[in-house]
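Open the structure in your viewer and keep the sequence panel beside it. The stops below say what to select and what is found there.

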Amino acid sequence: MKKIFVVCFVCMVYVQAFAQGPAPTYTDASQTKGFKKENIFLGGSLSLGFASNTFSVGATPEIGYSIAQWLDAGLAFNINYASQRADPYYNGNVRQRSFNYGGGVFTRIYPVRFLFVQVQPEENWIKYNFNDYNSGQVYSATTQSSSLLAGIGYTQRIVGQSSFYTVLMVDLLRDPDSPYRDYNNIAYPIIRAGFNFYLRPSRKK
């Protein structure tokens with residue numbers, strides 16, 4: 001829980017700092033106020049996760065809105081597959097496979113044009129399949145889990161134009177059912193690479 005407060009505090013500091021100063025002029029687009037359809041973007045990413053005896057792969061489609069030159073927000077949905085094998089010395093010869101789907105909201109703050117900080121709370125529904133090679137038993141279970149992903153990413157973002165990005169995140173919560181934690185409840189790094197394109201792309205002058 002303390003980590004959540006730390007992340008929220010950092011985000012508030014970023015927002016306050018940028019709100020008090022002039023917005024970076026990354027493009028020569030007009031700065032008119034109000035909702036602008038051309039600021040809506042669609043996109044998504046593919047993700048990979050690695051840890052000891054753990055592998056995961058997934059896809060995350062998203063829809064968002066560029067609130068300002070330094071701030072994006074939106075909705076993200078995800079689908080993931082993970083395979084984990086317990087350490088035979090400590091936990092027995094057990095393999096766990098999981099399939100999950102879910103969604104949440106994301107916020108991206110751009111302190112500079114090519115760098116962003118991302119915070120993404122999620123809710124996931126997971127189905128587990130367990131195979132105990134020692135006893136020969138095979139069984140399954142379903143559960144629900146909350147996650148708070150946070151990390152840093154790289155992009156060549158220009159509002160109104162398509163862009164590619166990569167981001168490295170970890171789950172800051174300690175929910176043992178999280179699809180982003182291994183068999184020993186240790187968070188493993190999540191690497192996502194994807195793209196965004198605007199519904200009404202701007203033309204370069």
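Colour the chain by secondary structure and follow it from the N terminus: the elements run α-β-β-β-α-β-β-β-β-β. That comes to two helices and eight strands. The model is predicted, and of the 205 residues in the chain, 44% are buried. Among contacts with a separation of 6 or more, 59% join residues 24 or more positions apart. With the surface switched on, about 11,400 Å² is exposed, 64% of it supplied by carbon and sulfur atoms.

Now colour by confidence. The chain averages a pLDDT of 79, and 76% of the residues score at least 70. Strand β7 (residues 163–171) has the highest confidence, at a mean of 94, while helix α1 (residues 2–20) has the lowest, at 39. Select residues 1–30: the pLDDT is below 50 over this stretch, which has 30 contacts in the model beyond near neighbours in sequence. Where pLDDT is low, the predicted coordinates should not be read in detail.

**Aromatic rings**

Next, show the aromatic side chains, which form nine pairs. Select F35 and Y65: the ring centres are 5.1 Å apart and the planes lie at 10°, so this pair is stacked. F35 is in the loop between α1 and β1 (40–51) and Y65 is in strand β2 (residues 54–68), so the pair ties together parts that are 30 residues apart in sequence. F35 is exposed, at a relative accessible area of 60%, whereas Y65 is buried, at 18%.

Move on to Y101 and W125. With centres 6.0 Å apart and planes at 20°, this pair is also stacked. Y101 belongs to strand β4 (residues 94–112) and W125 to strand β5 (residues 115–132), so parts 24 residues apart in sequence are tied together. Y101 is partly exposed, at 48% relative accessibility; W125 is partly exposed too, at 35%.

Then select Y110, F116 and Y165, which ring pairs link into a cluster. Add R108 and R157 to the view. The charged end of R108 sits over the ring of F116, 5.7 Å from its centre, and the charged end of R157 sits over the ring of Y110, 4.0 Å from its centre.

**Salt bridges**

Both arginines lead to the last stops. How many salt bridges does the structure hold? There are three.

Keep R108 selected and add E62: the two form a salt bridge, with the closest N and O atoms 2.9 Å apart. E62 lies in strand β2 and R108 in strand β4, so the bridge joins parts that are 46 residues apart in sequence. E62 is buried, at 6% relative accessibility, and R108 is buried, at 1%.

Go back to R157 and add D72, its salt-bridge partner at 2.9 Å, N to O. R157 lies in the loop between β6 (138–155) and β7, and D72 lies in strand β3 (residues 71–85), so the pair ties together parts that are 85 residues apart in sequence. Are these two residues buried or exposed? R157 is buried, with a relative accessible area of 3%, and D72 is buried, with 2%.

Finish with R192 and E122, whose closest N and O atoms are 3.8 Å apart in a salt bridge. R192 is in strand β8 (residues 190–198) and E122 in strand β5, so the pair links parts that are 70 residues apart in sequence. R192 and E122 are both buried.

How values were computed. Residues are numbered from 1 along each chain as its sequence is written. This is a predicted model: local features need pLDDT of at least 70, side-chain atom pairs count only at pLDDT 80 or more; totals for chains, interfaces and linings use all residues. Side-chain values use heavy atoms; hydrogens and water are left out. Helices (H or I, at least four residues) and strands (E, at least two) are DSSP runs, numbered from the N terminus. Buried means under 20% relative accessible area, exposed over 50%, partly exposed in between (1.4 Å probe, protein chains only). Contact means heavy atoms within 4.5 Å. Accessible areas come from the Shrake-Rupley method with a 1.4 Å probe; for residues, only the protein chains shown count as cover. pLDDT is the predictor's confidence in each residue, from 0 to 100. Rings of Phe, Tyr and Trp (its six-membered ring) pair if their centres lie within 6.5 Å; planes under 30 degrees apart count as stacked, over 60 as edge-to-face and the rest as tilted. A charge sits over a ring if NZ of Lys or CZ of Arg is within 6 Å of the ring centre and within 35 degrees of the ring normal. A salt bridge is a side-chain nitrogen of Lys or Arg within 4 Å of a carboxyl oxygen of Asp or Glu.
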